[in-house]
Amino acid sequence: MDINRRDLLKLVSASGLGGAGVFALQGLTKQVLAQNQPTPLQIKKGEMLYRQLGRTGEQVSVIGLGGHHIGRPKDEQEGINLIRTALDRGINFMDNSWDYHNGGSEIRMGKALQNGYRQKAFLMTKIDGRTKAAATKQIDESLKRLQTDHIDLLQHHEVIRMEDPDRIFAPGGAMEAVVEAQKAGKIRYIGFTGHKDPLVHLRMLEVANQNKFRFDTVQMPLNVMDAHFRSFERQVLPRLVQDRIAVLGMKSMGDQNILKSNVVKPIECLHYAMNLPTSTVITGIESMPILNQAFEAVSTFTPMSQEQVRALLNRTRQAALKGQYELFKTTSQFDSTAKNPEWLG
């Protein structure tokens with residue numbers, strides 16, 4: 001039976017519980033609401049489904065092309081071909097970052113977007129700088145590498161420390177550079193990403209609110225394991241839907257680590273993330289078979305029932321409880337700015 005926010009609030013009110021009891025019910029409220037949020041309205045064109053990007057009005061492909069992975073093929077032309085094939089078949093959301101492969105991913109994408117391909121792409125990249133000076137430098141370098149005069153979406157990358165939001169919004173911080181770039185027409189929309197702990201995301205949203213700023217997008221891990229451990233889905237996703245901030249899902253397979261649990265298959269991972277109120281699910285694609293797999297996930301996707309979701313989560317619960325397959329949360333393996341603190345400025 002579907003439960004809406006009003007019904008759950010009535011449940012909390014009528015329970016008569018105080019203290020920990022109310023807190024537990026509020027946690028349950030977030031959990032149930034996360035699973036019951038409708039996916040954004042979508043339309044199908046050719047092989048691809050498109051959803052609205054939050055309140056922006058932009059239409060983006062339900063699958064996004066991961067920027068780190070297109071830098072992995074040893075042959076640059078292979079990476080360029082992957083990007084162009086994805087665009088030709090309807091994937092328009094292009095993910096990237098200033099630091100991927102020391103700029104190599106942006107350089108490849110910049111070459112791929114020539115000859116009319118830039119017009120097919122909704123182009124996103126990320127910066128690491130926490131100071132205005134560092135952020136300004138990285139924005140300009142990204143524009144040069146991507147061979148474009150504007151970036152559709154720029155995101156603050158790896159917001160993984162509790163102090164990151166304060167640094168970004170401080171006087172002389174990165175947000176000043178990003179807002180100036182937006183006013184100058186260099187970027188269109190602004191978001192942030194992170195993969196460590198949902199509390200850091202909530203802190204970023206709170207600091208933004210204190211500064212009277214509302215992000216256009218937020219990128220975070222959403223997968224069949226996250227639902228059980230330090231859950232972005234339970235804690236952050238309802239807030240984003242409430243504030244009409246576009247949800248960008250990532251790490252649906254945790255760079256293949258989730259698949260090593262042997263309890264879930266790749267298409268199930270993609271379907272689970274697509275079933276949430278995500279505008280796009282960014283996935284790593286480093287070969288044509290993986291690109292074809294992404295299109296198979298789209299062609300076979302139908303909204304999952306609550307029973308199907310429950311069965312999938314029951315299957316993954318035991319493997320997920322300690323975060324051993326979400327290494328981006330429990331280790332520094334995915335923390336590029338921890339390995340290169342100078343990038344923060």
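1. In this predicted model, strand E9 (residues 217-221) and strand E10 (residues 246-250) are paired in the parallel sense, with five bridges between them. Within this pairing, Gln219 has Leu248 of E10 as its bridge partner.

2. On the subject of strand E11 (residues 280-283), E10 runs parallel to E11 and is joined to it by two bridges. Here Gly249 is the residue that stands opposite Val281 of E11. The connection from E10 to E11 passes through helix H11 (residues 266-275), and the resulting β-α-β crossover is right-handed.

3. The surroundings of E10 also merit attention. The strand is mostly covered, and five of its five residues are buried. In a regular strand, side chains alternate between the two faces of the sheet. In E10, Ala246, Leu248 and Met250 point one way, whereas Val247 and Gly249 point the other way, and all are buried. Leu248, the bridge partner of Gln219, and Gly249, which stands opposite Val281, thus belong to the two opposing sets.

4. A separate point concerns helix packing. The axes of helix H3 (residues 76-89) and helix H12 (residues 288-299) come within 11 Å and cross at roughly 20°. Angles under 35 degrees count as roughly parallel, and H3 and H12 are therefore roughly parallel to each other. Their crossing is right-handed. H3 contributes Asn81, Leu82, Thr85, Ala86 and Arg89 to the contact, and H12 contributes Met288, Leu291, Asn292 and Phe295.

Technical notes
Residues are numbered from 1 along each chain as its sequence is written. This is a predicted model: local features need pLDDT of at least 70, side-chain atom pairs count only at pLDDT 80 or more; totals for chains, interfaces and linings use all residues. Side-chain values use heavy atoms; hydrogens and water are left out. Buried means under 20% relative accessible area, exposed over 50%, partly exposed in between (1.4 Å probe, protein chains only). Helices (H or I, at least four residues) and strands (E, at least two) are DSSP runs, numbered from the N terminus. Two strands pair if DSSP finds at least two bridges between them. A crossover is right-handed if, with the strands pointing away from the viewer, the path from the first strand over the helix to the second runs clockwise. Axes are lines fitted to C-alpha atoms, for helices over the stretch in contact, and angles run from 0 to 180 degrees between N-to-C directions. Angles under 35 degrees count as roughly parallel, over 145 as roughly antiparallel, 65 to 115 as roughly perpendicular and the rest as oblique. A crossing is left-handed if the near helix is turned anticlockwise from the far one by less than a right angle, and right-handed if clockwise. Contact means heavy atoms within 4.5 Å.
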